[in-house]
Amino acid sequence: MRRWVPALLVSLVLVACGGAGTPARTAPSARQALTGSPEALEFESASTRLELFRELARLSEHEAGRAAQALVLFPITQSGELVAAPGFEARMDLLQSPETGGAMQLAFEGRVGEPWQDDRRDSLQGLSEREAAELVARTLLTHWQIQPAGPVQVERVPGAPYAVAYVDGILRINPAFLYLAAASGPASPAVGVQ
């Protein structure tokens with residue numbers, strides 16, 4: 001009887017401290033993160049968000065140029081066809097707006113849909129969702145070599161199964177993608193730099 005008493009005490013201490021008996025929490029996949037709440041990503045560690053961003057970057061390179069018959073993460077209209085946009089490298093800072101993207105006109109209001117959040121977030125490198133969306137929009141449209149004739153409507157599409165889509169002159173950005181893109185760049189943690 002005396003042999004099992006210490007084992008019982010150890011197991012009770014482990015359970016009370018969150019040890020054995022508590023299931024381990026796993027980080028979502030990149031696709032799961034996109035379809036979930038963008039605000040939930042704020043509770044993920046910076047290194048987890050960075051790894052999810054790297055996963056999206058790898059997938060963007062893998063899908064690049066494919067016909068968008070199946071679900072792709074970055075669908076765009078090109079020559080009247082829906083295809084996966086050109087991929088980007090994981091080390092690309094999407095919040096570093098390119099010089100050439102400055103002349104591009106973007107519109108964030110005026111259409112029906114969810115408004116962009118204007119409060120600043122630490123997990124967006126101190127930017128608001130709207131500010132981060134503007135930088136990501138300019139960077140991606142320039143990277144994809146899209147030169148719109150007029151203003152580009154930028155819509156907020158939380159829970160969408162894609163990260164960013166450019167269809168019929170409208171850029172639709174999943175705000176969850178902004179939280180992942182903000183994990184990369186100058187303020188990102190130096191975790192396993194590739």
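## Arg49, the helices and the salt bridges

Leaving aside residues up to four places away in sequence, Arg49 touches Leu41, Glu42, Glu44, Ser123, Tyr179, Leu180 and Ala183. The model in which these contacts are seen is a predicted one. Arg49 is found in helix H3, and although Arg49 is buried, this residue has no salt bridge. The nearest side chain of opposite charge belongs to Glu42, at 7.4 Å, whereas a salt bridge would need a side-chain nitrogen of Lys or Arg within 4 Å of a carboxyl oxygen of Asp or Glu. Glu42 is nevertheless among the residues that Arg49 touches.

**The chain as a whole**

Five helices and six strands make up the secondary structure of the chain, and along the sequence they follow the pattern α-α-α-β-β-β-α-β-β-β-α. Of the 194 residues in the chain, 40% are buried. Among the contacts with a separation of 6 or more, 64% are accounted for by residues that lie 24 or more positions apart. The chain exposes about 10,600 Å², and carbon and sulfur atoms supply 55% of that area.

**Helices H3 and H4**

Helix H3 covers residues 46-63, and because its 18 residues should span 26 Å at 1.5 Å a residue, the 26 Å between its end C-alpha atoms agrees with what is expected. The buried residues of H3 are Thr48, Arg49, Leu50, Leu52, Phe53, Arg54, Leu56, Ala57, Ser60 and Glu63. In an α-helix there are 3.6 residues a turn, so residues three or four places apart point the same way. The buried residues of H3 pack against three elements, namely helix H2 (30-35), strand S2 (81-84) and helix H5 (175-181). Just after H3, Gly65 takes a positive phi of about 80 degrees.

Helix H4, formed by residues 129-143, has 15 residues and reaches 21 Å from its first C-alpha to its last, close to the 21 Å expected at 1.5 Å a residue. Its buried residues are Glu129, Ala132, Ala133, Val136, Ala137, Arg138, Thr139, Leu140 and Leu141, and they pack against the strands S3 (106-107), S4 (152-156), S5 (164-167) and S6 (170-173) as well as against H5. H5 is thus a packing partner of the buried residues of H3 and also of those of H4. Just after H4, a positive phi of about 60 degrees is taken by Gln145.

**The hairpin of S1 and S2**

Strand S1 (residues 75-78) and S2 run antiparallel and are joined by four bridges, with Pro75 having Ala84 in S2 as its bridge partner. The two strands form a hairpin with two residues between them, and Ser79 in the turn has a positive phi of about 55 degrees. S2 also serves as one of the elements against which the buried residues of H3 pack.

**Salt bridges**

The chain has 14 salt bridges by the 4 Å rule. Three of them are set out below with their N to O distances.

| Pair | Closest N to O distance |
|---|---|
| Arg130 and Glu109 | 4.0 Å |
| Glu131 and Arg120 | 3.0 Å |
| Glu155 and Arg172 | 3.5 Å |

The side chains of Arg130 and Glu109 meet in a salt bridge that links distant parts of the chain, with Arg130 in helix H4 and Glu109 in the loop between S3 and H4, 21 residues apart. Arg130 counts as partly exposed because its relative accessibility is 24%, whereas Glu109, at 57%, counts as exposed.

In the salt bridge between Glu131 and Arg120, Glu131 lies in helix H4 and Arg120 in the loop between S3 and H4, so the pair ties together parts that are eleven residues apart in sequence. Glu131 is partly exposed, with a relative accessible area of 26%, while Arg120 counts as exposed at 55% relative accessibility.

Glu155 and Arg172 also form a salt bridge, and this pair links distant parts of the chain, Glu155 being in strand S4 and Arg172 in strand S6, 17 residues apart. Glu155 is buried, with a relative accessible area of 13%, and Arg172 is partly exposed, with 21%.

Beyond these pairs, Glu39, Glu114, Glu129 and Arg156 are linked in a network of salt bridges. Glu129, a member of that network, is listed among the buried residues of H4. Arg49 in H3, by contrast, is buried but has no salt bridge.

Notes
Residues numbered from 1 in each chain as written. Predicted model: local features only at pLDDT ≥ 70, side-chain atom pairs only at ≥ 80, totals over all residues. Heavy atoms only, no water. Expected span 1.5 Å × (residues − 1). Buried < 20%, exposed > 50% of the residue type's maximum accessible area, 1.4 Å probe, protein only. Contact = heavy atoms within 4.5 Å. Areas by Shrake-Rupley, 256 points an atom, 1.4 Å probe, with all protein chains shown as cover. Pairing = 2+ DSSP bridges. Lys, Arg positive; Asp, Glu negative; His and termini not counted.
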